[in-house]
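Welcome! Open the model beside these exercises, try each task yourself, and then read through the worked solution.

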Amino acid sequence: MVAEGTDHPPTDDTPRHEPERPGTDRPGTAASTGTDATAAAGTGTGTTGTDAGQPDDAKIAAAVAAAEAAAPANGESVRIDSWIWSVRLVKTRSLGAAACKGGHVRVNGERVKPAHSVRIGDEVRLRNEGRERVVVVKRLIRKRVGAPVAAQCYIDNSPPPPPREAVAPAGIRDRGAGRPTKRDRRELERLRALGAAGRPGGPGGGPGPASGGRRPAGGR
């Protein structure tokens, strides 16, 4: 007989309860959940990061602020020759005025004078240096600004510029190419001869007044 109060020795079928160790990763436990949450948080931080477009947005915001600082005071108008110079469509203000006087500047389809007041929403067409520019006024400024700031003052609807080969004059050497060789000089002379042949009175362009031919009979 076994005395009362005596602990029976555990048999093989009796489940044994082991104390849980702190920090043991078991599915569903608080420790494992916290670990997974920390890992997820770390992963999320690494993937999110800083917005890639934030530097560009900061540059645009700075350009807009600079354009607003160059804007005229309330109630003041802006001349068209001053505006196209301020947004860098022409190199100098005098060139802008000359373009207006020569009829190379149109606002909403009409030729304008240098003192014409430009307004937001106007379409400005300008022909300068062999290229046509078509822009829509977005902001009014009276001071010349940098290129990034100027781009925030209009909407550019200009056609693409012509290729360099179409606007480069014949016989002009690139900068840094050095002195022309004998072969280059022969090519230049040939091009000049072809250009002279197409002019009236030139070689191959028909007899001129001093062609050296015989005078008609009875002439003096």
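**Exercise 1: Strand partners**

Which residue in E5 stands opposite valine 105?

*Solution.* Keep in mind that this is a predicted model.

Step 1. Begin with strand E2, residues 105-107, which is joined to E5 by three bridges. The two strands run antiparallel.

Step 2. Look across from valine 105, and you find leucine 126 in E5.

Step 3. Try another position: arginine 106 stands opposite arginine 125 in E5.

**Exercise 2: Build the sheet**

Find the order of the strands in the open sheet, and name the edge strands.

*Solution.*

Step 1. Move on from E5 to E6: six bridges join these two strands, and they run antiparallel. As an example, valine 124 has valine 135 in E6 as its bridge partner.

Step 2. Look at the turn. E5 and E6 make a hairpin with two residues between them. In that turn, glutamate 129 has a positive phi of about 55 degrees.

Step 3. Put the strands in a row. The open sheet has five strands in the order E3-E2-E5-E6-E7, with antiparallel pairing.

Step 4. Check the two ends. Strand E3 (110-111) and E7 each pair on one side only, which makes them the edge strands.

**Exercise 3: Salt bridges**

How many salt bridges does a search of the whole structure find? Work through some of them in turn.

*Solution.*

Step 1. The search finds nine salt bridges. As background, side chains of opposite charge can pair when their charged atoms come close.

Step 2. Take lysine 91 and glutamate 129, whose side chains meet in a salt bridge at 3.8 Å, N to O. This pair links distant parts of the chain, 38 residues apart. Lysine 91 is in the loop between helix H3 (80-86) and helix H4 (93-101), while glutamate 129 is in the loop between strand E5 (123-128) and strand E6 (131-137).

Step 3. Ask how accessible the two partners are. Exposed means over 50% relative accessible area. Lysine 91 counts as exposed because its relative accessibility is 59%, and glutamate 129 is exposed with 62%.

Step 4. Now turn to aspartate 156 and arginine 133, whose closest N and O atoms are 3.2 Å apart in their salt bridge. Aspartate 156 belongs to strand E7 (residues 154-156) and arginine 133 to strand E6, so this pair ties together parts that are 23 residues apart in sequence. Aspartate 156 counts as partly exposed at 40% relative accessibility, whereas arginine 133 counts as buried at 15%.

Step 5. Finish with a network: salt bridges link Glu123, Arg125, Arg127 and Glu132. Within it, arginine 125 forms a salt bridge with glutamate 123, and the closest N and O atoms are 3.5 Å apart. Arginine 125 counts as partly exposed at 32% relative accessibility, and glutamate 123 counts as partly exposed at 28%.

**Exercise 4: An aromatic pair**

Which two residues form an aromatic pair that is edge-to-face?

*Solution.*

Step 1. The structure holds one aromatic pair. Its members are tryptophan 83 and tyrosine 154.

Step 2. Check the geometry. The rings are 6.5 Å apart, centre to centre, with 75 degrees between the planes. Planes over 60 degrees apart count as edge-to-face, so this pair fits that description.

Step 3. Place the partners. Tryptophan 83 lies in helix H3 and tyrosine 154 in strand E7, so far along the chain as 71 residues apart.

Step 4. Buried means under 20% relative accessible area. Tryptophan 83 is buried, with 0%, and tyrosine 154 is buried, with 14%.

**Exercise 5: The two sides of a helix**

Which residues in H4 are buried, and where do they pack?

*Solution.*

Step 1. The buried residues in H4 are Gly96, Ala97, Ala99 and Cys100.

Step 2. Look down the axis of H4. The buried residues fall within an arc of 160 degrees, so they line one face of the helix.

Step 3. Turn to the other side of H4, where Ser94 and Lys101 are exposed.

Step 4. Find the neighbours: the buried residues of H4 pack against H3, E2 and E5.

Step 5. Follow the chain onward. After H4 comes glycine 103, which has a positive phi, near 80 degrees.

Note on methods. Residues are numbered from 1 along each chain as its sequence is written. This is a predicted model: local features need pLDDT of at least 70, side-chain atom pairs count only at pLDDT 80 or more; totals for chains, interfaces and linings use all residues. Side-chain values use heavy atoms; hydrogens and water are left out. A salt bridge is a side-chain nitrogen of Lys or Arg within 4 Å of a carboxyl oxygen of Asp or Glu. Helices (H or I, at least four residues) and strands (E, at least two) are DSSP runs, numbered from the N terminus. Buried means under 20% relative accessible area, exposed over 50%, partly exposed in between (1.4 Å probe, protein chains only). Rings of Phe, Tyr and Trp (its six-membered ring) pair if their centres lie within 6.5 Å; planes under 30 degrees apart count as stacked, over 60 as edge-to-face and the rest as tilted. Two strands pair if DSSP finds at least two bridges between them. The arc is that of the directions from the helix axis to the C-beta atoms. Contact means heavy atoms within 4.5 Å.
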